[in-house]
Amino acid sequence: MTTPARTRFAPSPTGYLHIGGARTAIFAWLYARHTGGQFILRIEDTDRKRFVPDALDKIIEGLRWLKLDWDEGPDVGGPHGPYIQSQRLAKYQEAADRLVEQGHAYRCYCTPEELAEMREKQQANKEKIGYDRRCRWLTPEERAAKEAEGRSWVVRLAVPLEGSVTFNDLIRGEVTFNNEELQDAVLLKADGYPTYHLAVVVDDHDMEITHVIRGEEWISSAPLHVHLYHAFGWNLPIFAHTPSILKPSGKGKISKRALNTPDGSTIPVMLHEFPELGYLPEALFNFLSGIGWSLDDHTEIYDRETAIKHFDLKDINPGPARFPAEKLEWMNGVYIRMLSIDELVQRLIPYLSRDLGVPEEELARDERLRIIAPAIQERLKKLTDAAPLVDFIFADEIDIGDPKLLVPRKTTPEQTVDILSNIIATLEQVESWDEETLERALRGLAQEMGLKAGQVFSPIRQAVTGKKVAPPLFATLVAVGRETALQRLRDALARLQAWIQSQ
RNA sequence: GCCCCCAUCGUCUAGGGGACUAGGAUGUCAGCCUUUCAAGCUGAAGACAGGGGUUCGAAUCCCCUUGGGGGCGCCA
C-alpha cells in the first residue's frame, strides 16, 4: 500500500463546475481513497469581481450528487480550517509580509493604467509582454516617496533572473522552465486579497496537501509556485497536472454552456445540468473516470470501489482527450439496465412527475408504472427518455392522429375495420388480462384471419398508444388496463369508420 | 510572437524494446432475433501523424517537422 495521500479539490465560485473540473475532482478523490488518505474541499474565492452567488451551492450539490465525499471542507470543518480562502486573508497577508521582509517579494506601486500602457508599448514594439519589474529596482528613497504619496500597492514575487526551475510531475515527468520566462507575479492584490499563486501555496502547505492535482492549465504557473515554496522554505508537494477535456470537435477545451456534437445534438458540460437531464451519477462517475485513465485493457463498466482499488495518478494518460459524448449515452443506458425494477421506478418518478405533470405520490402508488417499467428499461438511455414512452398510460384521451395510421401495411382501411372489430371481440372475451393470455389470443386471431401478427398488432398499438413506436404490445395493454384499452380500440374503430364514410 | 505540454482506429483507451499479423470499448455498417422501437448475439471495416536516428529488433528510446492543447492578468 502507498502512503496515505492528502489531496484536495479547490474550485472557484466564479462559475459553475464543468465536467473537466469534475473529472479532476474524481481523480483527486480516487487517489485519496486509493491510498487511504484524505480528500479536502477548499473554496478559492479570492476574486471578488467575478463572484457568482449560487455557484458554490451548485458546485457542492454536484460533487455530492457524484458521491464524492470530503473529509475536510467548508461545510464539514476540519483541523486546518477555515476552508474558504476569503476567511483566511490574514494568513496570506502575513505570508506576503514575510516574503517582502526577506527580500523574496516586493511592493509594486504601479497602477493598472500604467501597466496597461506598458503592455501597449511592448506590443507596439513587438517586445516580450510582461511586467518590466520597474518597482523591483526602486531605491529606498523612491519607495518612501511612493508610500508618502499614499499610493496603493501590490506585492510581487521577485523571481530569480537567471537559471531554471525543474519540477517533477507525476503524470508528465520532469518539466523545466527558464527563469527568464517567468513573471514577477502579483501575490497580494491592492485590496488585500491574495492571488491564486500565493493562496494555493500557503493553503496547500498549511493543509498538508501531499499531492497537488489540478488541470494542466496550471502547469505554466507551477514554476512560480516552486519558487514560492523555496522562498518560504517549505517542502514541495507532488504535482500531477491532469490533461484537459476538449470539446467534441477537438477545438479548444470545454468551457461553459452546452456543446454541439457533430450529429447536431447538444450535450451538457456543467456538472449540475446532468441530474436534470436524466443521467445517473454512477454512470457519469464511471464515464468521467475513463477519460484519461482506464482500469485495464478491457473493462469499461466498473463501480467506484473497483476504481479506487486500481487507480493511480501515474497511470493517467497525459494527452488531452475530446469529450466522447456518444459513449456517455451508451454507458448511461448500461447503468439504467443494471437497475432493479424497484429502483428504476423510484428513479423515474421525479422525471415523470415533472414531464407528465402527475404528482410523485400518485406515481408511486400507480401500479401501471411498475408494470410498464420492465418493458421500457432497455429502451432508455436517459431517465428523461421515459416520459414519451409511457405518457399514453396517464393520458385521459389518445389522439390516434390520422385514421390512416391505423391501417397496417398491405391492408385496406376496410380490412382494418374488420381486424379492429375482431380484436375488440376477442379482447372482450379474453378470460384474463395478462401478457401471456393476450398474446395467445391475439396471435390466434391473426392466424384465424390469415394475417401476419404485425397486421393485428400495429392497429392495436396505434389505437391504444397513439404512436407507431411504443413499448412491447402486451405489456402495454396490461399496463393500460382492460377497460381503457377496449375503450381506445372502440374509439379508434369509430373514427376509422367515420373516415371511410367521408371518403 | 515567446514558453510549456501532448500525439495509437472517427472517438475514448490498452500498450512502457521482442508476447503486436497492435487488444478492448464506443460509433458506423451487415446478419441473426423480432409485433414497432430498443436491448441482445454474430461479423466487418477502422490506428501506431511524417521524417531521421539508436538497436540484432521500435507503437514503445532520442532528434527534427507537422498537428493539437495550454499559458503569457491586481482571473482562477
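These legends walk through close-up views of a predicted model of a protein with an RNA strand.

**View 1. The protein surface around RNA strand B.** Let's start where protein and RNA meet: 66 residues surround RNA strand B, and Arg172, Lys189, Glu378, Arg379 and Arg461 come nearest. By type, the residues of this surface divide into 25 nonpolar, 16 polar and 25 charged. On the RNA side, 70% of the strand B atoms within 4 Å of the protein belong to sugar or phosphate, and the rest to bases.

**View 2. Polar side chains beside the RNA.** Here you can pick out individual contacts with strand B. Asn317 places a polar side-chain atom 3.3 Å from a phosphate oxygen of RNA strand B, and a polar side-chain atom of Trp330 also lies 3.3 Å from a phosphate oxygen. Lys327 turns to a base instead: an N or O atom of the Lys327 side chain is 2.9 Å from a base oxygen of RNA strand B. Elements that give two or more residues to this surface include strand 13 (321-322), helix 11 (325-338) and helix 18 (453-465). Helix 11 gives the most, with four residues.

**View 3. Strand 5 and its partner, strand 6.** Follow residues 164-169 and you will see the side chains alternate. Val165, Phe167 and Asp169 point to one face and are buried, whereas Ser164, Thr166 and Asn168 point to the other and are not. A hairpin of three residues joins strand 5 to strand 6, and the two strands pair in the antiparallel sense over six bridges. To find your place, look for Ser164 opposite Asn178 of strand 6.

**View 4. A salt bridge between two loops.** Lys128 forms a salt bridge with Glu181, with the closest N and O atoms 3.9 Å apart. Lys128 lies in the loop between helix 4 and helix 5, and Glu181 in the loop between strand 6 and strand 7, so the pair ties together parts 53 residues apart in sequence. Lys128 is exposed, at 58% relative accessible area, while Glu181 is partly exposed, at 46%.

**View 5. Arg347 and two glutamates.** Arg347 meets Glu282 in a salt bridge of 2.6 Å, N to O. This pair links helix 9, which holds Glu282, to helix 12, which holds Arg347, across 65 residues. Arg347 also forms a salt bridge with Glu343, where the closest N and O atoms are 3.1 Å apart. Glu343 and Arg347 both lie in helix 12, four residues or about one turn apart. Both are partly exposed: Arg347 at 21% relative accessible area and Glu343 at 35%.

How values were computed. Residues numbered from 1 in each chain as written. Chains lettered and ligands numbered in written order. Predicted model: local features only at pLDDT ≥ 70, side-chain atom pairs only at ≥ 80, totals over all residues. Heavy atoms only, no water. Near = heavy atom within 4 Å. Polar contact = N/O pair within 3.5 Å; in protein donor to acceptor, adjacent residues only side chain to side chain. Nonpolar A, V, L, I, M, F, W, Y, C, P; charged D, E, K, R; others polar. Buried < 20%, exposed > 50% of the residue type's maximum accessible area, 1.4 Å probe, protein only. Pairing = 2+ DSSP bridges. Salt bridge = Lys/Arg side-chain N within 4 Å of Asp/Glu carboxyl O.
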